[in-house]
Amino acid sequence: MKRNVISRHARSIAVSVAISAMTATGAYASATDILFILDGSGSMWGQIDKIAKITTAKETLTKLIDDVPDGARVGLMTYGTQSKESCVDFRTLNEVGASAEAIKASIADIKPLGKTPMGMSLSVGIASLSKVEPLDRQKAVVLISDGIETCDSDPCTSAAMAKYLGVNMKVHVVGFDVDQEAKAQLQCIANAGGGQYFNADDTAGFNKAMEEVIEVAQAAPVVIAQVAPAAAEEAPAEPEGPVITEFFREDFDGEVLSDRFEIENENPDNYIVDGGVLTVLSTKFGTFDAEAPENLFKYTGELPRGDWDVEIQFTGEYTAKADRLTLGLRKDENNYIATGHFGMLFSAARCQKTEMFLTKMTKGEADSHGRPMRAVKDGQCYHAKPFGGEANWDVIQADLLEKPIKLTFSKRGRAYTSKIEMVGFTDPDGNPYILESDKYTSLRSPGTLAFQVDRMNNSSYASGEVLMMIDSLVINEVKSGGQ
């Protein structure tokens, strides 16, 4: 069988797209890192033209791997190939830069089975690709899917992170035999990730779409040189993507808090600033939903007027079986939006776990969702271990004491989201350990920026002290390019 050749039509589309995105002052060749995410969910066994979609996808991608030009580097992820029920079933099969033969061997071994955790796969893939050196290379994620997210995640929010990681990255999507609902979501993913969507209704259309997405992923801006007047000065190029600027930082140097903080319901015996760390102790239950939460650290300075990220980095002992840190905007116990991280023992289920949460409280009515991180399962736990490898709770405690948690609370327009990363920790495939929330919307500011440490109310199962060591709190201003 002859190798697939990129069509003239595909080339013309790619060139027109590149020209429409002109920002530079000269043409240059593309050197791109491309991470493919190939759908391995059970629906890929469905047939088009009497051939399983997974067969067509694997054959086409295998051929195109040989057509990637010199200078480009490729990696491969998949999801839904290990379990019929898991929503954390995604794997990096080949790191970016792997050989063509290794990638083709991985493609051949893919056997569809389970669900479609696109949001989680995109979060992990985008974060991993953003850290591939050199960071100034053009980067692209190419998602190939035949359906909609089935794991209660928001893949559009995940894709949007490609714009905020300080690298030149876009997310492109190929939809293969999708209905209108799935098409709308896949288009949303491409738009949010700054890329393009390619639709394929049959085998021929899929082959064409794959050729075109490869061309677009590698396309560098093409500019026709123009002669400027001798005395004219070139206008500075506007930055692409968002501009992230540090607005405020507290590293807890010295022996007292910055004057930008005040403490409600202060108990000075239960916190200290020393050695570049704010250490907070608690034996009390009660966080943002309490009438008078102990040692509520409130930021009294201004926040950026538009979009922003607030990052807090911390470690903890996690010995109380109900250890929690909360960060967010709080007006009072009945009105707030907050995110946080906790470790808890559910004694009745004999399950110990860590989890990220995002909660919106409006006039005393709460809505909340969580993202499970790690668990030690002894009995009936409501979720399985996301990445495996935890022999017992002692292993998790040791990691939480040594590897900081970075919790990010973000505002984009009127939407609020959160993200969490265990710094220095990777899953068994070497991917960064990152989880992202869905979003909550608030038409008005929910309150004042604050954070707090407490012992979650977990009946008789919780005991002892909660101890958290906070390394830093950083507020970043986020502006779109050219703003």
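How many bridges join S4 to S5, and do they run parallel or antiparallel? I looked this up before anything else, keeping in mind that the model is a predicted one, and I found that 4 bridges join S4 to S5 and that the two strands run antiparallel. Within this pairing I noted one residue pair, in which Thr78 has Arg91 of S5 as its bridge partner.

**Entry: the other neighbour of S4**

I then turned to strand S1, residues 32-39, which pairs with strand S4, residues 73-79, in the parallel sense over 7 bridges. I wrote down that Ile37 has Met77 in S4 as its bridge partner, and that Leu38 stands opposite Thr78 in S4. I also checked how covered the strand is, and 6 of the 7 residues of S4 are buried, where buried means under 20% relative accessible area.

**Entry: the whole sheet**

Which order do the strands of this sheet follow? I read the order as S5-S4-S1-S6-S7-S8, an open sheet of 6 strands with mixed pairing. At the edges I found strand S5 (90-94) and strand S8 (194-200), each of which pairs on one side only. I noted that the twist averages 20° from one strand to the next.

**Entry: helices on the sheet**

I followed helix H4, residues 118-130, and saw that it packs on the sheet, where it touches S1, S4, S5, strand S6 (138-145) and strand S7 (169-176). The direction of H4 makes about 160° with that of S6. I then looked at helix H6, residues 180-192, which lies across S6, S7 and S8 and runs at about 150° to S8.

**Entry: disulfides**

How many disulfides does a search of the whole structure find? I recorded 2 disulfides from that search, and I took them in turn.

In one of them, Cys87 and Cys151 are joined, with their sulfur atoms 2.2 Å apart. The torsion about the S-S bond of Cys87 and Cys151 is about -85°, so I entered this disulfide as left-handed. Cys87 lies in the loop between S4 and S5, while Cys151 lies in the loop between S6 and helix H5 (155-160), so the pair ties together parts that are 64 residues apart in sequence. I asked myself whether each partner is buried or exposed, and noted that Cys87, at 27% relative accessibility, counts as partly exposed, whereas Cys151, at 12%, counts as buried.

The other disulfide joins Cys156 to Cys188, with a distance from S to S of 2.1 Å. I placed Cys156 in helix H5 and Cys188 in helix H6, 32 residues apart, so that distant parts of the chain are linked by this pair. Cys156 counts as buried because its relative accessibility is 12%, which falls under the 20% cut-off, while Cys188 is partly exposed, with a relative accessible area of 31%.

**Entry: the largest pocket**

Last, I looked up the largest pocket, which has a volume of about 690 Å³. I found that 30 residues line this pocket, and that Met161, Tyr164, Asp309, Arg412 and Lys419 are the ones that lie nearest its centre. Which strand gives the largest share of the lining? I noted that S20 does, with 5 residues. At least two lining residues each come from H4, H5, strand S14 (307-316), strand S19 (405-412), strand S20 (415-426) and strand S21 (432-436). I therefore met helix H4 twice in these entries, since H4 packs on the sheet and also supplies residues to the lining of the largest pocket.

Notes: Residues are numbered from 1 along each chain as its sequence is written. This is a predicted model: local features need pLDDT of at least 70, side-chain atom pairs count only at pLDDT 80 or more; totals for chains, interfaces and linings use all residues. Side-chain values use heavy atoms; hydrogens and water are left out. Two strands pair if DSSP finds at least two bridges between them. Axes are lines fitted to C-alpha atoms, for helices over the stretch in contact, and angles run from 0 to 180 degrees between N-to-C directions. Contact means heavy atoms within 4.5 Å. A disulfide is a pair of cysteine sulfur atoms within 2.5 Å. Buried means under 20% relative accessible area, exposed over 50%, partly exposed in between (1.4 Å probe, protein chains only). On a 1 Å grid over the protein atoms alone, a cavity is a set of points where a 1.4 Å probe fits but cannot get out, and a pocket is an open set with protein on both sides within 12 Å along at least five of seven lines; lining residues have an atom within 4 Å of a point. Grid points are joined across faces, edges and corners, and a volume is the space filled by probe spheres set on the points.
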